[in-house]
Structure formats: structure tokens, C-alpha cells
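Me: Please walk me through this structure, one question at a time. Keep the answers short.
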Amino acid sequence: MPFKYYKDNREFIKALEKSGDLVTIEQEVDWDMELGAIVRRACEKNSPAPYFKKIKDYPGWEAFGAPMSTWRRLNIAMGLDPETPINELQDEYIRRITAPTIKPVEVSRENAPCKENLLTGDDVDLFKLVAPMVHGGDGGRYLCTWHMVVGASLKAPDNVNWGMYRQMVFDEKTMCGPVLPFSDMGKMFYEEYAPIDKPMPFATVIGMDPLSGIAACAPAPYSEAEYTGQLMGEPVELVKCETNNLLVPAHAEVIIEGEIIPHVGIEEAPFGEYTGYRTSPRAARTVYKVTCITYRHNPILTVSNMGIPTDEGQLLRSFSLALEMRKLLESQQIPISGVYMLPESTHHLVAVGVRNAYPGIAHQIGHLVFGSKLAPWFHMVMVVDDKTDIYNLNELMHDFSTKLHPSKGIHIYKSHVGTPLYPFADPADRKYGKGDKVLFDCLFPLDWPLAETPIKVGFSNPDIYPLEIQEKVLSSWKEYGFKD
Amino acid sequence: MRKEWDTYILTKLAEVEEDVETLRVIRDLTPGTHKYRGKFVKCLISRDPDKYPDTLRVRLGRGQLTNKIWSIKITAEVEGIPTKPYHMSGGISLKED
């Protein structure tokens, strides 16, 4: 039984328009920074998603910015009420991805809108596509900011990965971008193809349906195509590429096919990154040679503008990382009440609510999540008790400021895996992707006598106000004259 | 007609060699659909904005645009991706070959 979902980006755009989560911009905008500046400001203000109908130099092309940078838009993509609370969205998501996986179906090219236009051979020219200069000072025009790169293992061709790896246009037939060695595609490329000097086929998918985008962003432990099927409740439709055997979402806007070339590098970056900084320097990065481009009529480029929060990279990555941690901790029977990674932290800080059942439980949580494959993407864990609303920033800040012992509650894990994108990392750590981790244990120690343990003073604490008083105040609230 | 290019320099600016043929990546700043196209070239560069036929703007490693205008002479365009690792922070000095 399929869930309510949008088969392509165009249906999603219509849904956002209907819910008031989209602004259609009819006046011409310049791809050279103006478009990016609009998307950036929209992210910083939590504004509706901008939909650009007319772009300088590129008649017939449109662009859709910040497709999923708010919880409302993520709810809509999932087919839920836009105001669904985060914990309910998490529950629904977990419910779907713990159901049996659903294999994709292959459709014919006649049934694949992404095949409506075809560029091969000498006609391949990336400058025919509206690649924006997203931020001033970027190392080039980033065609691929909200997209996915499809790649397959050489040794096990059924092992197909969808992932978001940014791509910058270098020349008509060349793109470049970072592929970190611990990423899924990095493992395939550096461990299987590069050692035998074999180019790795790839397909970049721009403007895929929103659930495929969510799957590509998620640290899925199996095929993202099957993961997408779980989110949809039915198979995602894929179509075979023109120049290789990879399968791509049939209803996407643009497909770029080609090969990743071993043992060469082209200068890429700087780029405004998800941390809210331009951190990684210009450096020689992975090279993609393009052999073929297919696209829909009047294609719509999707544009994410990463910077200070909140953009969809921060939001979705926080969401999916937290869910994977929740699954991990629940699999170990840790009595957690929830896991929430704060998008405002650029997915560096995760809050875990837990029943303070035994001494050392915060350390156990720290070791488990820092020891997981998710670890490179965050470095701070904050453990609070299960009475704290982990989705409420005010409550987290209160716990952090009052329950965290400044020496006994802070635990450092040295020489861990990090990323070169940490803005705080020193140049050597950044170069080698190293990073320390920190655990903030905001639980009161269990060996404190009950009589000496502070009691949180809040309206909803029955130790402070008995339930009958709470109920009386709540039912009379408006009568007292309050309007909220 | 003077063309305008830019390049990224990661070393200290004072260490950049002038008037020595180097291999580097430059970007075309001509307005239009191909603006920011990258190119491998052999070139001579100078802090003197009038010494060579084209204008060169210089950016640092995190994209900071320096305020002085340089000049550049392209001596050869390099097809493909050079197999020899080139030194991105200031270009390869070709006199070492």
C-alpha cells in the first residue's frame, strides 16, 4: 500500500505552492550569485522555497531553491500534515524504514521523462545547463548541490550507492568535487577501481523526487533505491542510463552520465559548506568526465545553498543521522526516550534523552554512537534525562547550563575520525580528517543521596505542582485572561 | 581586447614567482554562459597590471579576493588534465622540467 508521496519534483512544487511553502519568482534572476543570494536569505529566514521561472542566459530553464530546508517541507515530502511534530515525523519515518524493503522497478525509456532530451558526443556541454554561482568566492559554478551521484561496486555490481557529493563544473565535459575515502562511493572508488586504474561509471541525478533525495541523504545501510521504496510504500521507478548500466530515477529532471577518473585531480572549492563556513581549501579533487546528458523539457534545477542554518543538508542529515543513532541505541536496549540532532548545530550536536537507569549510561551512549559509522559527521553528544524535551532548545540549554559539571561532566574522546570540513579543526587534523569528540553528561549522578538531588522547578513537574493544580490552571488559562 | 581571468593562490602572496612560466588553473571571467570556465594553461604572471596582455584577479585559498589587479600572458593552453601533479598554490615552475 503506497503512502502519499510525490512522484517527481514537479508534483512536490505544486504541493508546496498549495500549502503556502513556495514563492514563485517570475522576474528574471541572474544565475551569477543573485539566485544563490535569494536561496541563502530564504534559508536564513525560514522563508518559503523560491521557485525561479526565468534565469538570465538560460531560457527554458527553471530552478527550485531550498527544496527541503524546513520541517514543514520535510513533512510535506513525506505526505504528512505540514505541522506534524518532529517526534511524530521520526516515528512515521522509522515505521516505514523498518518495514520490509521494496526493490525498484525498471521502466522503459519511453516512460522515463528524464530521457526527453539527449546530449551526446560533441553536443555534451555542461554550460548548456544552468549551473549557478551559488556563493561569491566559490571555486566555480556548482551544478550539483541538491542531487545524487549513482555508483556501483566493481566487485559486487548489485551494491549500488546513491549519495550527495557536490560537483563543480570545470569545463564543458568535466566536473570535480570531493569524494571522502570513508564515504560509500569513496570506498568503492578508492578501494576497487583506482587500484587497478579503472574509471568508475557514474550518473548524477538532479531534481529527483523528494523521497529519493531523502534516501540519498540518509546513511542507509542498504540500497537507497530500496530505502526509497520503503519511504514510498511502493517501488521507485528507475531507468537505465544511455552510456552505462546504472539505473537512475526515471522522473528526475537531469541525468549526467560519465566516468570518474582515477589518479588525477582538478582544483575544486572553496565552497560555502554545511557547517556555515568556507572551510576546506581549494585542492585537487575527484574528476568526473561527462559522456552524456539527458533532461526533461523545461528542466528544473534544484539548488541547495549551504551556509549558516538552516538548509536542507543540515536539516535532513540531522534528521537521518539521529534516526540511525536511535535505531542503534534501541538495538542495544538502551532505555532512551529519543534522539534529536540539532540542525542549528549543522549536525554536530546530538541530544539523547535517556532514563538514568544505571551509572555510566551516558558513557555507554557516547561509545556506541562515536564508535558507529556515523561518527565522522558529528562530534558532540549531550545526554539528558528522559524528562527533558530534547526537541526544545530552551530545555536543552537549561540542562546544559545547570546539570553539566564543568569538569566531571565533560568527557573527551581523543584521536577520532573527523572530516576536513570541521571549521574548528587545526590544519593538520583537517588535512587528515581527524577529530576529537566530546560527551556532555547532563545526568545527575545516581550515587547522590535523594535528599541532596536538586529538583527541577517547572510547571509540569508534579513534585512542584500536583496534577490537579496543573489541570485547574490549564483549563482556566483563557479565563485568567491569557490569549495563548 | 583585454580578457579577464582569475586564479587561486594558496601560498603567501609574497612567495609567488613572477615572470616565470608556470602551469596553473585559471578561470575565464568573460560574462555569458561560459563565465568561470576553468582552464589549464602555461602562463606568465605579474603584479604589474599592465605588464601582460590580460587582466588577472587573484583569490586566496578560501576565496578571498585580493584588492590588487595583476596581469597574465597565456603562453599555451594545456589540453586534458596534466598527469604530473601541478602545484596549485602557485603553479608549477616549468623551468624545473
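Reply: Start with a definition: two strands pair if DSSP finds at least two bridges between them. Note also that this is a predicted model.

Me: What is the strand order of the open sheet of three strands in chain A?
Reply: The pairing in this sheet is mixed. β4 (105–106) and β13 (247–249) of chain A each pair on one side only, as edge strands. The order in chain A is β4-β12-β13.

Me: Which residue is the bridge partner of Val239(A) in β13(A)?
Reply: Strand β12 of chain A covers residues 237–240. It pairs with β13(A) in the antiparallel sense, over three bridges. Opposite Val239(A), the partner in β13(A) is Val248(A).

Me: Which residues of strand β5 in chain A point to the buried face?
Reply: β5 spans residues 117–120 of chain A, and its side chains alternate. Leu118(A) and Thr120(A) point to one face and are not buried. Pointing to the other face, and buried, are Asn117(A) and Leu119(A).

Me: Which residue in β15(A) stands opposite Asn117(A)?
Reply: β5(A) pairs with strand β15 (residues 283–295) of chain A. The sense is antiparallel, with four bridges. Asn117(A) stands opposite Tyr295(A).

Me: Now the interface. Which three residues supply 30% of the area that chain B buries against chain A?
Reply: The contact takes 29 residues from chain A and 21 residues from chain B. Between the two chains about 2200 Å² is buried, and carbon and sulfur atoms give 57% of that. More than any other three residues, the 30% comes from Tyr36(B), Arg62(B) and Ile81(B).

Me: How far apart are the closest N and O atoms of Glu172(A) and Arg37(B)?
Reply: The rule finds two salt bridges across the interface of chain B and chain A. The cut-off is 4 Å between a side-chain nitrogen of Lys or Arg and a carboxyl oxygen of Asp or Glu. Glu172(A) and Arg37(B) form a salt bridge, with their closest N and O atoms apart by 2.8 Å.

Me: Which strand gives the largest share of the side of chain B that touches chain A?
Reply: Between the chains, 14 residue pairs are in polar contact, both residues at pLDDT 80 or more. On the side of chain B that touches chain A, β2 (22–28) and β3 (38–46) of chain B each supply at least two residues. The largest share is three residues, and it comes from β3(B).

Me: How many charged residues does that side of chain B have?
Reply: Split the side of chain B that touches chain A by class. Eight residues are nonpolar and seven are polar. The charged residues number six.

Definitions and conventions:
Residues numbered from 1 in each chain as written. Chains lettered and ligands numbered in written order. Predicted model: local features only at pLDDT ≥ 70, side-chain atom pairs only at ≥ 80, totals over all residues. Heavy atoms only, no water. Buried < 20%, exposed > 50% of the residue type's maximum accessible area, 1.4 Å probe, protein only. Contact = heavy atoms within 4.5 Å. Buried area = accessible area lost by both parts, 1.4 Å probe. Polar contact = N/O pair within 3.5 Å; in protein donor to acceptor, adjacent residues only side chain to side chain. Nonpolar A, V, L, I, M, F, W, Y, C, P; charged D, E, K, R; others polar.
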